[in-house]
Amino acid sequence: MIPLQEPRRSTAGMTFEQMLERVRHEGAYATCAQAEESVGAVLAALGRQITGDERVELAARLPHEAAVAFTAQIPATERLTGWGFVKDVASHTGGTAATARWDTGTVLRIVAQLAGEELLSRILAQLPSGYALLFGRAELTQAA
């Protein structure tokens with residue numbers, strides 16, 4: 001069994017409250033409580049997908065409360081595609097695929113900013129197709 005560790009204190013450039021306010025504003029949520037619910041659901045789902053050094057580094061760049069939601073999850077043995085990730089968020093929140101896609105895109109765009117380009121590139125290299133768009137990046141594919 002893998003022991004769960006408390007994430008290191010974040011050196012992130014924003015507090016959890018600032019993160020929630022950005023999610024509330026960019027996602028057009030009526031309240032910070034709705035934004036917090038989305039942040040928790042998306043980060044929990046992301047915590048089930050990312051492993052290794054990228055997991056540790058991302059946790060260190062998130063505000064502490066967000067890092068706890070992210071690292072509290074045990075990584076899944078099977079990687080989900082981007083669409084599978086959205087469906088996973090929907091199944092855990094009881095929402096529709098459309099609202100889960102909105103929540104996911106809103107939260108992950110802010111996570112991408114906190115991660116920075118280099119770490120985000122490594123995270124996307126670790127994940128199956130379909131995640132780049134969720135993080136607000138173009139999904140580039142090789143021509144056949």
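This report walks through the helices of one predicted protein model and how some of them pack together.

## Ground rules

Because the model is predicted, local features need pLDDT of at least 70 and side-chain atom pairs count only at pLDDT 80 or more, while totals for chains, interfaces and linings use all residues. Residues are numbered from 1 along each chain as its sequence is written, and side-chain values use heavy atoms, with hydrogens and water left out.

## The whole chain

Let's start with the big picture. The protein chain has eight helices and zero strands, so helices and strands need a definition: they are DSSP runs numbered from the N terminus, with H or I and at least four residues for a helix, and E and at least two for a strand. Read from the N terminus on, the elements go α-α-α-α-α-α-α-α.

Of the 144 residues in the protein chain, 42% are buried. Buried means under 20% relative accessible area, exposed means over 50%, and partly exposed is in between (1.4 Å probe, protein chains only). As for contacts (heavy atoms within 4.5 Å), take those in the protein chain with a separation of 6 or more: residues 24 or more positions apart account for 69% of them.

## Helix H1

H1 covers residues 16-27, which makes 12 residues. From its first C-alpha to its last it reaches 16 Å, close to the 16 Å expected at 1.5 Å a residue. The expected span of a helix is 1.5 Å times one less than its number of residues.

Which residues of H1 are buried? They are Phe 16, Met 19, Leu 20, Val 23 and Gly 27. These residues sit on the same side of H1 because they cover an arc of only 100 degrees around the axis; the arc is that of the directions from the helix axis to the C-beta atoms. On the face turned away from the buried side you'll find the exposed residues Glu 17 and His 25. The cover over the buried residues of H1 includes helix H2 (32-47), helix H4 (64-71) and helix H6 (97-115).

## The loop after H1

Right after H1 comes Ala 28, which lies in the loop between H1 and H2. Its phi is near 55 degrees, a positive value in a residue other than glycine. Is Ala 28 buried or exposed? Ala 28 is exposed, with a relative accessible area of 63%.

## Helix H2

H2 has 16 residues, which should span 22 Å at 1.5 Å a residue, and its end C-alpha atoms are indeed 22 Å apart. Its buried residues include Ala 35, Ser 38, Val 39, Ala 41 and Val 42. The buried residues of H2 pack against H1, helix H3 (52-61), H4, H5 and H6.

## How H2 meets H1 and H6

Two packed helices are described by the angle between their axes and the distance between the axes. Axes are lines fitted to C-alpha atoms, for helices over the stretch in contact, and angles run from 0 to 180 degrees between N-to-C directions. Angles under 35 degrees count as roughly parallel, over 145 as roughly antiparallel, 65 to 115 as roughly perpendicular and the rest as oblique.

The axes of H1 and H2 come within 8 Å and cross at roughly 100 degrees. That makes H1 roughly perpendicular to H2. Among the residues that meet here are Phe 16, Met 19 and Leu 20 in H1, and Cys 32, Ala 35 and Val 39 in H2.

H6 also crosses H2: their axes come within 9 Å, at roughly 75 degrees. H2 and H6 are therefore roughly perpendicular to each other. The residues that meet include Val 42 and Leu 46 in H2, and Val 107 and Leu 108 in H6.

## How H2 meets H5

H5 (residues 82-93) packs with H2 at an angle of about 125 degrees, and their axes are 10 Å apart. That makes H2 oblique to H5. Here Ala 41, Val 42, Ala 45 and Leu 46 in H2 meet Phe 85, Asp 88, Val 89 and Thr 93 in H5.

Zoom in on Ala 41, which belongs to H2. At 18% relative accessibility, Ala 41 counts as buried. Leaving aside residues up to four places away in sequence, Ala 41 touches Val 89 and Thr 93. Ala 41 and Asp 88 are 47 residues apart in sequence and 9.5 Å apart in space, C-alpha to C-alpha. Thr 93, in H5, counts as partly exposed at 35% relative accessibility. The C-alpha atoms of Thr 93 and Glu 37 are separated by 8.8 Å, with the two residues 56 apart along the chain.
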